[in-house]
Amino acid sequence: MIKEYGNCKDSERSIKKILKRGNGAFGREFELIHCSAGYEPAGSAMRYTKECYRVTSYDLGMNHRSARAFTYYSDAHEHFYQLTTPIEAIEA
């Protein structure tokens, strides 16, 4: 479902809440975010998205943002943990 910005009420918009923040390899910042069901920006319009959890990364040097969505918190948390856990040793 798609709507124009002007036709989308505030009560219909997705609400995003940052649950965790962490740093990964090379200083990249990661966030674990809960997104409620609702409309969110998609180019020049608004698209409806279901409730989900997102692991988002930011690369300030390249001015690049990427995200991966998950249905379940446990899956999103596991992925976030993998990206933000320091590498202590690599077995040969």
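A residue is taken as buried when its relative accessible area is under 20%. In the predicted model examined here, E40 has a relative accessible area of 4% and is therefore buried, being under 20%.

E40 takes part in salt bridges with two basic residues, K16 and R47. In the pair with K16, the N to O distance is 3.0 Å. This contact links distant parts of the chain, since K16 lies in strand 2 (residues 16-23) and E40 in strand 4 (residues 38-42), with the two positions 24 residues apart in numbering. K16 has a relative accessible area of 43% and is partly exposed, whereas E40 is buried.

The side chain of R47 also meets that of E40, with N and O 3.4 Å apart. R47 is partly exposed, at a relative accessibility of 39%. Through salt bridges with shared partners, K16, E40, R47 and R54 are joined into one network.

A further salt bridge pairs D10 with R13, whose closest N and O atoms are separated by 3.6 Å. The acidic partner, D10, is exposed, with a relative accessibility of 65%. R13 has a relative accessible area of 29% and counts as partly exposed. In this pair the acidic residue is thus exposed, while in the pair formed by K16 and E40 the acidic residue is buried.

In total, the structure contains seven salt bridges, among them D10 with R13, K16 with E40 and R47 with E40.

Key: Residues are numbered from 1 along each chain as its sequence is written. This is a predicted model: local features need pLDDT of at least 70, side-chain atom pairs count only at pLDDT 80 or more; totals for chains, interfaces and linings use all residues. Side-chain values use heavy atoms; hydrogens and water are left out. A salt bridge is a side-chain nitrogen of Lys or Arg within 4 Å of a carboxyl oxygen of Asp or Glu. Buried means under 20% relative accessible area, exposed over 50%, partly exposed in between (1.4 Å probe, protein chains only). Helices (H or I, at least four residues) and strands (E, at least two) are DSSP runs, numbered from the N terminus.
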